[in-house]
Amino acid sequence: MIGVGDMVLLEPLSENSFIQNLKNRFDHDEIYTYIGTVVISINPYQSLPIYTADKVEEYRNRNFYELNPHIYALADEAYRSLRDQDKDQCILITGESGAGKTEASKLVMSYVAAVCGKGQEVNKVKEQLLQSNPVLEAFGNAKTVRNDNSSRFGKYMDIEFDFKGDPLGGVISNYLLEKSRVVKQPRGERNFHIFYQLLSGASDDLLKRLKLERDVSKYNYLSLDSAVVSDLDDGANFRIIMDAMKTVCFMDNEVQSVLELVAAVMKLGNIEFKSESRVNGFDESRVEDNNDLKEICELLGIEQIVLERAFSSRTLEAKQEKVSTTLNVAQAQTKQSKKVMGVLDIYGFEIFENNSFEQFIINYCNEKLQQIFIDLTLHEEQEEYIREGIEWKNIEYFNNAVICDLIENNNKGILAMLDDECLRPGTVTDETFLDKLNTVCAGHHHFESRHCTNSQFLTDHTLPHNCFRIQHYAGKVLYCVEGFVDKNNDLLYRDLSQAMYKARHPLIKLLFPEGDPSKMNLKRPPTAGFQFRASVGTLMKNLQTKNPNYIRCIKPNDKKAARIFTETLVRHQVRYLGLMENVRVRRAGYAFRQLYKPCLERYKMLCQQTWPHWRGPARYNGVEMLLNSLQVPKEEFCYGCSKIFIRNPKTLFALEKKRRECLEVLAAVIQKIYRGWKQRKHFLLMKKSQVVVAAWYRRYNEQHNELTTSHFFLQSRKILRELKHQKQCIEAATTISAYWHGTKVRREYRKYFRASAGKKIYDFTVKRTIQKYFLDLKKKIPSMSPIDKTWPPQPYQFLEGTHKELGRIFHLWRCKKYRDQFTEQKKAIYEEKLDASTIFKDKKALYPGSVSQPFKGDYLEINQNPKYSKLKGLLEEKVILADVVHKINRANGKGTARLFLLTKKHFVLADLKSVQIKATVPLPDLASVAVSSQSDGFFALKIKEGSASAAKGDFLLSSERLIEIITKLLRAGTHTAERSEINVDISDEFVVHFKQDKVCVKFIQGSSKNGNSAACKRKNNRLLEVSVPSS
Ligand SMILES: Nc1ncnc2c1ncn2[C@@H]1O[C@H](COP(=O)(O)OP(=O)(O)O)[C@@H](O)[C@H]1O
Ligand SMILES: [Mg+2]
């Protein structure tokens, strides 16, 4: 760093070393230097590469003292305390004319615009704030001898921000435009830029519409000698301004109106007046060449005669009038919810060859600004130390309050005197005003005049008779009283404003509301001085409510030249700006102070005892605890009554740095907890699905192992699909769970999550239960016998449905298994058994005994036994059944043994001994079979009436194997396709047709004395009775 960046650290401190340091830095293009938080800026008069976007980034969010001194550091500090600490800010830029105030204010605004929020709306607001500058400067700036772009009005801009620090808009207040410049400019100076810009930048077409010529020399109001300024491209600037007006929302027709007005003003200067003698002896003035007047009237839409009359009735005054007054002093009405940053760029202290009312007013304003600086940095600071009970040695400084008083005192102040004169009846001139000053202010130490009672100035020839001199804080200024009264009165003659009000031009009408005859106000308007004093008063009050940031601009030379450092000039400015005193107070004092409460709030996270809340007795103790635990050296701070004072900015920055780090840690903790919570939720969800999947999977597995029916095969494919999907879910869940389990937070904060443990336990239990159920079931699975009716008892109520369904499925399955073992042969046997069952089951008591006996069919081994070979020859067909039966004799009911053979087509009865065939009956001739319902073996084969076999009559037979015989008989009978089924009558009384007569066979319950077999007895001709032993 070149020299010392902060004058507070300068050793040894003297005026010489102070200026030497400034010069040293200036020579190395270091134009900014600090006094604590005050920025000294020396106008470089050349563009330096220190305002780039990179620089903005460099200074963004950095501590004030961290980097080279820069105006950006101050802007950043102000913006951040506005945004983060909710303090309204103001940036006070002071210095002489040409010292770089306006440039500084633009730098501050562009910096704030660069760092604050982005977005379409915000950018629009920013653009408007920035673009308001060129427009204001075109109409309010002019070239003066001091400054090629001197602001001829004061500007205070409140930029409003929302809570996030995004700009919402701005309110611009203007103070005292130097209107006299429109009609007359000192030598070497120009009129306001807009006139020159319009003439050189407008298109031919536009000029024609405005009835203007491009030649500057055609217009009396535009000074010719300095119409062209090097480095100023009026033409290009005109286009910039037109664009800027669009940006700040001027409508096209409004821009047109404004330009028409500018043209009219320019033409106004060309109107010449001549005096004509009138009969009454008075001179009357007339407009000489009325072409200009005609064009003005066309531009503004005023009747020519009206304007002419308005001019001529007051001609003389109008010609020399310099109109000057405070402009609209619309004070920024700041609302509570907004945060505000005010930027004050007001004309600097001015000493010209000839100083008039304007300079007086301007210098008064600067005097007030110096006052506020003294108040806030020197006076208030020292007062505060005393108030807070901090040991303090007073530092002397010059307080310019006396000078302010000289000007603005309500009774004896110069402005009050001037108002008195203006309102006083009788002849009032500038001289009577000076006389008054001479009597009233004579004794004041800062007032000098040739005629004042203080004889010391009687012979002072530097002090002309029509002047007075004020010793301003920045130097002595000689004011010529000429024009003071007129300028203060600032009367626009009523006929003029009424003429203007009659114009059809909307803007003109708007500008002269006082010309409205219906609202004519006979009261005198307040004087210019009064208005100005009031508006300065409001401004000062406004500034005092805000946190001030100072930029003190210094002009290095009078030549507007780069790299020249005129020491005497700088020394003078350093002195009157009170910069040395500023350094001394700073050095002795504390860089930073804050009430205990906000201090504790801001840094409480740095100490265990104060985080998150200080429970101790008082905030003071909290801060003490904090500073002690941080081991801040004792000499670095001091406890006031209500505030903590910190001596060095470094200490504060160290605190800020620690706080920032701590905030990061806190943010990480919050993130950690949140992420843990989020992942955990997700995990639990996954876990839940995993349980479902697992359950499905197990079920599928069990079923797959034990059941292979097609239904389950289909089912399993569906499950497999689901499983594939669920498997992916499980994998994801596993990853998440690994991550989750790993986090420390999880462990630490598990207790907060207990609420959902119940669910988890429940799910787990269900899963286990189901698993156990299946395993148990596997152990207890009943035998494979299809007739086994047992099924393990249902172990869990909630599995009721499943359990039953499983039982059903199991049974179906084992039946199928059982069936599958059957061979064709066996199947046939069972079919036969099945037929037997359909015929006899529950109908005949003999049936149950037959179930377990296999149907052998051939009981006589007819093929092997040679005895029957004869029979074999007789029967070509295969014998289905061969057995011995008893043929019941109708005469006595006794049975005779007979061979009974059954083939596919016939049944045959043969003699047992001789093997001689007694009867052969084709099966189709068999009409029905009759049996009893009891356990006897009697059966009647009834022959169809009218068939070939009918002659022999029905057969009443008896056999132990009745069930088999009849079943086979019926099966064979039904197989012969041409006939319908043979009926089986099961009844305990049926009729048998013997050869001639019918006999009824009746079955009764008998005793079992004859053994187990039933006995048949003839009762009479028509009745045979069979007694069946009861079993
Ligand atoms: N920081 C700067 N860098 C380069 N030139 C500057 C700077 N500040 C001021 N100037 C030059 O000085 C001139 C006068 O500055 P300005 O801000 O208009 O002064 P003031 O408003 O104090 O009267 C500007 O037109 C510009 O040429
Ligand atoms: Mg300026």
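Is Cys-365 buried or exposed? Cys-365 is buried, with a relative accessibility of 0%. Please keep in mind as you read that this is a predicted model. Here are some points to follow in the structure above.

1. **The cysteines.** Let us stay with Cys-365 for a moment. The structure holds 0 disulfides. Cys-365 is in no disulfide, and the nearest cysteine sulfur belongs to Cys-404, 10 Å away. A disulfide is a covalent bond between the sulfur atoms of two cysteines. The cut-off for calling a pair of cysteine sulfur atoms a disulfide is within 2.5 Å, so the 10 Å to Cys-404 does not qualify. Cys-1000 is likewise in no disulfide; for this residue the nearest cysteine sulfur is that of Cys-1016, 11 Å away. Cys-1000 is buried too, with a relative accessible area of 17%. Buried here means under 20%, and that is why a residue at 17% still counts.

2. **Helix 14, with Cys-404.** We have just met Cys-404, so have a look at its helix. Helix 14 spans residues 401-408, and its buried residues are Ile-403, Cys-404, Leu-406 and Ile-407. These residues cover an arc of only 155 degrees around the axis, so they sit on the same side of helix 14. What lies over them? The cover of the buried residues of helix 14 includes helix 13 (357-387) and helix 15 (414-423), together with strand 11 (447-449) and strand 12 (467-472).

3. **The annotated binding site.** Next, go to the stretch that begins at Gly-95. An unreviewed UniProt entry carries the annotation "binding site" for Gly-95, Glu-96, Ser-97, Gly-98, Ala-99, Gly-100, Lys-101 and Thr-102. Gly-100 belongs to the loop that runs between strand 3 (89-94) and helix 4 (101-115). Leaving out residues up to four places away in sequence, Gly-100 touches Asn-43 and Cys-553.

4. **Lys-101, one step on.** Lys-101 is part of helix 4. Is Lys-101 buried or exposed? Lys-101 is buried, since its relative accessible area is 6%. Which residues does Lys-101 contact, leaving aside neighbours within four places in sequence? Among them are Ile-93, Thr-94, Gly-95 and Glu-96, as well as Asp-345, Ile-346, Tyr-347, Gly-348 and Cys-553. In addition, the side chain of Lys-101 reaches the backbone oxygen of Gly-95 at 3.1 Å. Gly-95 is itself included in the "binding site" annotation from UniProt.

5. **Helix 22 and its cover.** Helix 22 (residues 579-588) is mostly covered, with 7 of its 10 residues buried. The buried ones are Leu-579, Met-580, Glu-581, Asn-582, Val-583, Val-585 and Arg-586. Try finding what covers them: the list includes helix 1 (15-27), helix 13 and helix 21 (567-576), along with strand 1 (32-35), strand 2 (38-42) and strand 14 (547-554). Helix 13 also appears in the cover of helix 14.

6. **Gln-544, at a helix end.** Gln-544 is in helix 20, which covers residues 528-544. Gln-544 is partly exposed, with a relative accessible area of 40%. Although Gln-544 and Asp-375 are 169 residues apart in sequence, their C-alpha atoms are 9.5 Å apart in space. Not counting residues up to four places away, Gln-544 touches Ile-372 and Asp-375.

7. **Tyr-859 in a loop.** Tyr-859 sits in the loop between helix 31 (847-851) and helix 32 (869-874). Its side chain reaches the backbone nitrogen of Lys-856 at 3.4 Å. With residues up to four places away set aside, Tyr-859 touches Pro-854, Ala-882, Asp-883, Arg-961 and Glu-964. Between the C-alpha atoms of Tyr-859 and Val-884, which are 25 residues apart along the chain, the separation is 8.3 Å.

8. **Strand 29 and its two partners.** Finish at strand 29 (residues 1023-1029), which is largely enclosed by the rest of the structure because 5 of its 7 residues are buried. Strand 27 (residues 998-1006) pairs with strand 29 in the parallel sense over 7 bridges. There, Phe-1003 stands opposite Val-1026 of strand 29. Strand 28 (residues 1015-1020) pairs with strand 29 in the antiparallel sense over 5 bridges. Arg-1018 is opposite Leu-1024 in strand 29. Strands 28 and 29 form a hairpin, with 2 residues between them.

Technical notes: Residues are numbered from 1 along each chain as its sequence is written. Chains are lettered from A and ligands numbered from 1 in the order in which they are written. This is a predicted model: local features need pLDDT of at least 70, side-chain atom pairs count only at pLDDT 80 or more; totals for chains, interfaces and linings use all residues. Side-chain values use heavy atoms; hydrogens and water are left out. UniProt positions are given in the numbering used here, feature names are shortened, and annotations may be inferred rather than shown by experiment. Helices (H or I, at least four residues) and strands (E, at least two) are DSSP runs, numbered from the N terminus. Contact means heavy atoms within 4.5 Å. Buried means under 20% relative accessible area, exposed over 50%, partly exposed in between (1.4 Å probe, protein chains only). A polar contact is a pair of N or O atoms within 3.5 Å; within protein, one must be able to donate a hydrogen and the other to accept it, and residues adjacent in sequence count only if both atoms are side-chain atoms. Two strands pair if DSSP finds at least two bridges between them. The arc is that of the directions from the helix axis to the C-beta atoms.
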